[in-house]
Every structure is written in structure tokens, then in C-alpha cells.
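Me: I am in my first year and would like to take a close look at a single part of this protein, the closed barrel of strands. Could you walk me through how its strands are joined, and then place that part in the rest of the chain?

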Amino acid sequence: MTTPNTAETPWPVRTLSLKLADWIHRLGQVWVEGQLTQISARPGTRTAFLTLRDPAAEISLSLTCDPDLLRRSPVPLTEGARVVVYGRPSFYTGRGTLSLRVTDIRPVGIGQLLARIERVKALLAAEGLFDARRKRPLPFLPRTVGLISGRGSAAQRDVVAVATARWAGVQFRLAEAPVQGPTAVPAILEHLDRLDRDPAVEVIVIARGGGSVEDLLPFSDETLLRAVADCRTPVVSAIGHEPDNPLLDLVADVRAATPTDAAKRAVPDVAAELDAVDALRSRSAHALRNWVARERHLIDGLRARPVLARPHRLIDEQRAGVDRARSDLRRSVTHRLTVERHGLDQLAGRLATLGPAQTLARGYAVVQRFDDDAAQPGPPGHAAHAVRSIDELPPGTRVRIRLADGARIAVVEPEEGRQT
């Protein structure tokens, strides 16, 4: 036993078996939970043989116990029952097998099962596996539906029949597996992985009819729930009837009350969709007609407005205003001219009355003397000035006498009897 283990000094089989037995016996007594799959208790024998299976994995363990332990159980122990056993592991060196020598077997009651389900539920909820934001929408018209159900079960027939009636073109990938008992979870996990990797499958339905709490336990298994949460393909849970609530309903993307409801949720009703399309077309046409009518009414209202009904009216009104303004301006100018002309005539009359012409007309004359000796008055360089005093008219002075009807040239002669 103390010989070192090397290639030159290998252990014999018995040594390895004894070492394994020694290590296993050191483990002591342990509590183990699982499902009973085989019970062999022959009359007259002192040992009963059982097989305890892990519900979530392909692992089992052989049990041995006193047959009286099975008979004293308060609840009959049958295959598929969930139990908790207490015993010591032992390694049989003769055949190299491991077994558990059981001294206590306790069936797991419904209350304990529900409590364990609640613990799993709290754990997964804390991890966010029930969060609505993780839910994936179902495809509107899936071409292929993966269906996991019992072999030849009513749930399978309901899903296929209802889905085909709603849309004849839908195809199914059927995966038949046990839906209760110790082999249910491993089989469902295998089919779920295969369907999730199939690119043609667009939605997966897990369907089962109603049953007791014990029958529906596989669908609250933590391993299965985590596998469903990790699926890339949307999963529909259709387990049992409306009152049944396995944890799979919370993890799946869609929870259906029954297998029939799952078929309705996964596959749309073609007839109903066509009716909906017709209704939408009718509503769209009605809405379009109403919109056209409103727009036509609006256009008619715009056309009825004076600015559009008679577009030249504004120009005509402006032209009329311009004509009125021009007429008023002409009238004002004419009136102003008349007034000014009247005033001018008055001033002209006053000027004529006060001017020299009127004086000349009354018999007066204006005498003008030339500044030089020019023969004719008026040419350039000659200026005539009105005479204001007789002293300005010496004899011989040429003068112009202006009368009302003309002028004459005269020469001043000396006065008679006066010497010049």
C-alpha cells in the first residue's frame, strides 16, 4: 500500500480497488435526492435493489436496503417517485461497482415539491430569466414549427390539427419524448437542442396535457428552464391546462393556456388574416374617399372666394381708385388754376387801372428825352428817359411824345418872346 506508483512499480487492480473503497468509505453517510426508476424486492431475500436517477441528467446510482424499509414506508414507493434517501456509499471491490447502502427512505410530498419549486423560481427570478424584456416575439407566419410532445399524445394531435386548419402550408418537426418521469428532462433537453440548431425551425412548442403536480415536475426543472432561456429560437410553453403553472411558462417567450391555444398563437389564421386585410382595404378606401372629399370641399371653398372667383377684381378696384384719385387730382388742379387765373385777372385789372396806359387813354402824354442826338429813338446805345421837369427840355431837344395810340418825335422850340 505504501509502494510508490510508477511505470516500473504499477499498482495491481486490487490495490486501486482498495484505495477507492477506502476513499469512498471515508465519505460517511449522506442524504441524496432523486427518482426511483427500478425497484427489485424479491420475497424471501434480505436485500432489495433500487435505482435512483437524477431527474436532470443521465446519471443513476444503485441502492440497496432492507426490504422491510420499503414495506414500512408511509407512502407506497413506485417507479418515478421522488425520494430522499440516507445511506453510506460503498465500493464493491470484487466487481468495481459503487452502491449506496440505504437506511432511510423518505418520499418527497407535494408540499416539499412546491417549496422546492418556489426556491427555484426565486433563484431564476433574481437572475432575470423571467424578465419581459428577454421575451422574443414570435414570427408572424412561421414556415416550420418544432413540436416537443409525448408520442402520439392528444397534445400533439391538437397542435398539429389546429395549426394545419389555420394555415395549411405550415410544416412540423415532431420530437417525441417522455413528458413525465425520470427520463423526461434529458429527452426534452436533447430534442430542444436539436430543434434550436435547426435553421428551418422558426418557433418551438413544448406541449403536454394536464396532470398532477408530480407529473408536471419536469417542466419546473432548473436545467430545462435554463436551456429554454438560452435558446435562440422563440419557445412557446403549452403545459397542462389553464390552472397549471409550471415554471416553464415564466421562462418561455410565450405562455399558452392549452396546446390548442399554443397552435393559435404560433400560427395565424389565414382566413382571419384575409378578412382583416379586406377590412383594412375597406377602411383605407373609405378614409381615402373621405380625404378626397375634404380636400375637394376645401378647394371649392377656396375657388368660391372672391379673390379666386374674380381674380381681376382687386386690379379693377385698384384701377378705379387710381381713376378716382386722378379725377380728384385733375379737379383739384383745375380748381386751383381757376382760382389763380381769377386772382391774376383781378391783379391785371388793378394793374391796368393803375398803369400808365389808362392814364394815357384819359388824354395824358409821356414826354421822353433822348440822351444823344440819334435820329431814331430806340436803337442800341440810345436811351429815352421820362421828362419830369421843364428844365430838362432846352430848346432843340429831341423828344418822344407817347400817347395812348402811339408816339411821335418832336423838337423843343423856344418860347415866344423869350431869348434862348
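Reply: What follows goes through the barrel strand by strand and then turns to its surroundings.

Please keep in mind from the start that this is a predicted model. The mean pLDDT of the protein is 84, and 93% of its residues reach 70 or more. Over residues 374–381, however, the pLDDT is below 50, and in the model this stretch has eight contacts beyond near neighbours in sequence. Where pLDDT is low, the predicted coordinates should not be read in detail.

The barrel itself is made of five strands, which close up in the order E1-E2-E3-E5-E4 with mixed pairing. From one strand to the next, the twist averages 55°. As a general background, strands of a sheet pair through backbone hydrogen bonds, either parallel or antiparallel.

A good place to begin is the pair E4 and E5, which run antiparallel to each other and are joined by ten bridges. These two strands form a hairpin with four residues between them, and in the turn Gly-96 has a positive phi of about 70°. Along this pair, Tyr-92 has Thr-97 in E5 as its bridge partner, while Ser-90 is partnered by Ser-99 in E5.

Strand E5, residues 97–107, also pairs with strand E3, residues 60–65, and here the two run parallel, with three bridges between them. Within this pairing, Leu-63 has Leu-100 of E5 as its bridge partner, and Thr-64 stands opposite Arg-101 in E5. In a regular strand the side chains alternate between the two faces of the sheet.

Strand E4 has a further pairing, with E1, which is antiparallel and extends over six bridges. One of the matched positions is Val-32, whose bridge partner in E4 is Val-85.

Against this sheet packs helix H1, residues 13–26, which touches strand E4 (82–92) and E5, and whose direction makes about 145° with that of E4.

Which elements give two or more residues to the lining of the largest pocket? They are strand E1 (30–40), which belongs to the barrel, and helix H3 (110–126). Helix H3 gives the most, with five residues. About 410 Å³ of space lies in this pocket, and 21 residues line it, with Glu-33, Pro-55, Arg-82, Ser-220 and Asp-221 lying nearest its centre.

To place the barrel in the whole chain, it helps to know that the protein is divided into domain 1 (13–108), domain 2 (113–268) and domain 3 (361–374 + 381–412). The centres of domain 1 and domain 3, taken over C-alpha atoms, are separated by 176 Å.

For comparison with the closed barrel, there is also an open sheet of five strands, in the order E7-E6-E8-E9-E10, with parallel pairing. Strand E7 (171–176) and strand E10 (254–255) stand at the edges with a single partner strand each, so one side of each is left without a neighbour in the sheet. Inside this sheet, strand E6 (residues 144–149) and strand E8 (residues 203–208) run parallel and are joined by four bridges, among them one in which Gly-146 is paired with Ile-204 in E8. Helix H4 (residues 154–166) packs on this sheet and touches E6, E7 and E8, its direction making about 175° with that of E7.

Methods
Residues are numbered from 1 along each chain as its sequence is written. This is a predicted model: local features need pLDDT of at least 70, side-chain atom pairs count only at pLDDT 80 or more; totals for chains, interfaces and linings use all residues. Side-chain values use heavy atoms; hydrogens and water are left out. Two strands pair if DSSP finds at least two bridges between them. Axes are lines fitted to C-alpha atoms, for helices over the stretch in contact, and angles run from 0 to 180 degrees between N-to-C directions. Contact means heavy atoms within 4.5 Å. Domain bounds come from an automatic or database domain assignment. pLDDT is the predictor's confidence in each residue, from 0 to 100. On a 1 Å grid over the protein atoms alone, a cavity is a set of points where a 1.4 Å probe fits but cannot get out, and a pocket is an open set with protein on both sides within 12 Å along at least five of seven lines; lining residues have an atom within 4 Å of a point. Grid points are joined across faces, edges and corners, and a volume is the space filled by probe spheres set on the points.
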